[in-house]
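Colleague: Thanks for sitting down with me. Could you walk me through this model and tell me what stands behind each label you use?

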Amino acid sequence: MDFWPEFLASSWGKEFVAGGFGGIAGIVSGYPLDTIRVRQQSCTSGSALKILRHVAATEGPLALYRGMAAPLASVTFQNAMVFQIYAVLSRAFDRNVPASDPPSYKGVALGGFGTGALQSLMLTPVELVKIRLQLQQRNILDNKSQITGCRGPTDVARGIFRQEGWRGIYRGLTITVLRDAPAHGLYFWTYEYVREQLHPGCRKNGQESFRTMLIAGGLAGVASWMCCCPLDVIKTRFQAQSQSTPSRYTGIVDCFRRSVKQEGYNVLWRGLGTAVARAFVVNGAIFTAYETALRCLFINDNNNHENIKAENTL
């Protein structure tokens, strides 16, 4: 009964809960654009607008949210862990900075790098299921299958595990680590740097405006996606295939070589425009929700301490 009050009283607990709110805000705000991005990267042609019109006409607008249950069910815990791990690692990599000061930019970058690598263990199965669901109806229409309904994330995960085991569930782990480790290092560094430039002193006093949060978070997302887009294209294609897929890729290097050979180097940047637009919206929402929740939790905590002090003086 006393777990949550004690947990929320700790700085780790506040980081965890605020990170969860940020993750939910990010998923809900950017999922339709993510669906379009995945379809762009997995097919051989088609602009974002063309894919949007096709999906709306053949599958309905709700198809843009297909597969959202998988990341939404886990995103609270996943994003909460990301912010908590980052908070710990950004300090651990540079112990010369006093606890009263914000982490150095070196600690921020290295902490983000380590966070990206560790979170890949949680993210790989979730993104695998999400990608399979986002592409499922398109594959059904392309193959003119008699399947009329789409399975949910639990059924997809069970099917992958039944056919391919743990190796199938963690298909794409290596490429996910290669994508997320440097991208998260750049992500957190960009956010901290931009927010300080827009609102000098805010890293220490935490008094930046909503505008600063939105812009810094949005630019952090754009920078990280510019960095990792080629790897994300390869990851999407590699995870989209199943054992029944003809001409399966033997690995990420084979996927890279065949994709470039068949479609040229431009394929590595396919979906970048959609990804960048989504990244700005999503990460602006994530950091705004995260910072706002963190402020509310600390303010509530301070008010509780003041009330306790007032009662003790009576």
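Modeller: Gladly. Two terms come first: a helix here is a DSSP run of H or I with at least four residues, numbered from the N terminus, and a lining residue of a cavity has an atom within 4 Å of one of its points. Please keep in mind that this is a predicted model.

Colleague: Which helix gives the most to the lining of the largest cavity?

Modeller: Helix 2 does, with 7 residues.

Colleague: What makes that space a cavity rather than a pocket?

Modeller: A cavity is a set of points where a 1.4 Å probe fits but cannot get out, whereas a pocket is an open set. By this rule the count comes to 1 cavity of 30 Å³ or more. The largest cavity has a volume of about 640 Å³. It is lined by 31 residues, and Gln 78, Leu 123, Glu 127, Arg 278 and Ile 286 are the closest to its centre.

Colleague: Which elements give two or more residues to that lining?

Modeller: They are helix 2 (11-42), helix 4 (69-92), helix 5 (105-143), helix 7 (173-198), helix 9 (210-240) and helix 11 (272-313).

Colleague: How do the lining residues divide into nonpolar, polar and charged?

Modeller: There are 15 nonpolar, 9 polar and 7 charged residues in the lining of the largest cavity.

Colleague: Let's turn to the fold. How many helices and strands are in the chain?

Modeller: The chain has 11 helices and 0 strands. Of its 314 residues, 49% count as buried. Take the contacts between residues at least 6 apart in sequence: 76% of them join residues at least 24 apart. The accessible surface comes to about 16000 Å², and carbon and sulfur atoms account for 62% of that.

Colleague: Why is Gly 19 called buried?

Modeller: The cut-off for buried is under 20% relative accessible area. Gly 19 has 0% relative accessibility, so it counts as buried. Gly 19 is found in helix 2. Leaving out residues up to four places away in sequence, it touches Asn 79, Ala 80, Phe 83 and Tyr 290. Its C-alpha atom is separated by 7.4 Å from that of Met 81, 62 residues apart along the chain.

Colleague: Phe 83 and Tyr 290 caught my ear. Which residues touch the most other members of the largest nonpolar core?

Modeller: Phe 83 and Tyr 290 are among them, together with Tyr 187, Phe 188 and Phe 287, in a core of 17 residues. Helix 4, helix 7, helix 9 and helix 11 each give two or more residues to this core. Helix 11 gives the most, with 6 residues.

Colleague: What is Phe 287 in contact with, leaving aside its neighbours within four places in sequence?

Modeller: Phe 287 is in contact with Phe 83, Tyr 187, Phe 188, Tyr 191, Met 213 and Gly 217. Apart from this core lies another, of 8 residues, including Ile 234, Phe 238, Val 267 and Leu 268.

Colleague: Val 281 is also in helix 11. What makes Val 281 partly exposed?

Modeller: Partly exposed lies between the cut-offs of 20% and 50%. With a relative accessible area of 39%, Val 281 is therefore partly exposed. The C-alpha atoms of Val 281 and Ser 29 are separated by 6.9 Å, with their places 252 residues apart along the chain.

Colleague: How do you know that Arg 270 is buried?

Modeller: Its relative accessible area is 18%, so Arg 270 is buried under the 20% cut-off. Arg 270 sits in the loop between helix 10 and helix 11. C-alpha to C-alpha, Arg 270 and Gln 40 are 6.6 Å apart in space and 230 residues apart in sequence.

Colleague: And why is Gln 241 called buried?

Modeller: Its relative accessible area is 3%, so Gln 241 is buried by that cut-off of 20%. Gln 241 has its place in the loop between helix 9 and helix 10 (252-263). Not counting residues up to four places away in sequence, Gln 241 touches Arg 132, Arg 171, Arg 248 and Tyr 249.

Colleague: One last case, Gly 114 in helix 5. Is Gly 114 buried or exposed?

Modeller: Gly 114 is buried, because its relative accessible area is 14%, and buried means under 20%. The C-alpha atoms of Gly 114 and His 184 are separated by 8.2 Å, and the two are 70 residues apart along the chain.

Note on methods:
Residues are numbered from 1 along each chain as its sequence is written. This is a predicted model: local features need pLDDT of at least 70, side-chain atom pairs count only at pLDDT 80 or more; totals for chains, interfaces and linings use all residues. Side-chain values use heavy atoms; hydrogens and water are left out. On a 1 Å grid over the protein atoms alone, a cavity is a set of points where a 1.4 Å probe fits but cannot get out, and a pocket is an open set with protein on both sides within 12 Å along at least five of seven lines; lining residues have an atom within 4 Å of a point. Grid points are joined across faces, edges and corners, and a volume is the space filled by probe spheres set on the points. Ala, Val, Leu, Ile, Met, Phe, Trp, Tyr, Cys and Pro count as nonpolar, Asp, Glu, Lys and Arg as charged, and the others, Gly among them, as polar. A nonpolar core is a set of buried Ala, Val, Leu, Ile, Met, Phe, Trp, Tyr and Cys residues joined through side-chain atoms within 4.5 Å. Buried means under 20% relative accessible area, exposed over 50%, partly exposed in between (1.4 Å probe, protein chains only). Contact means heavy atoms within 4.5 Å. Accessible areas come from the Shrake-Rupley method with a 1.4 Å probe; for residues, only the protein chains shown count as cover.
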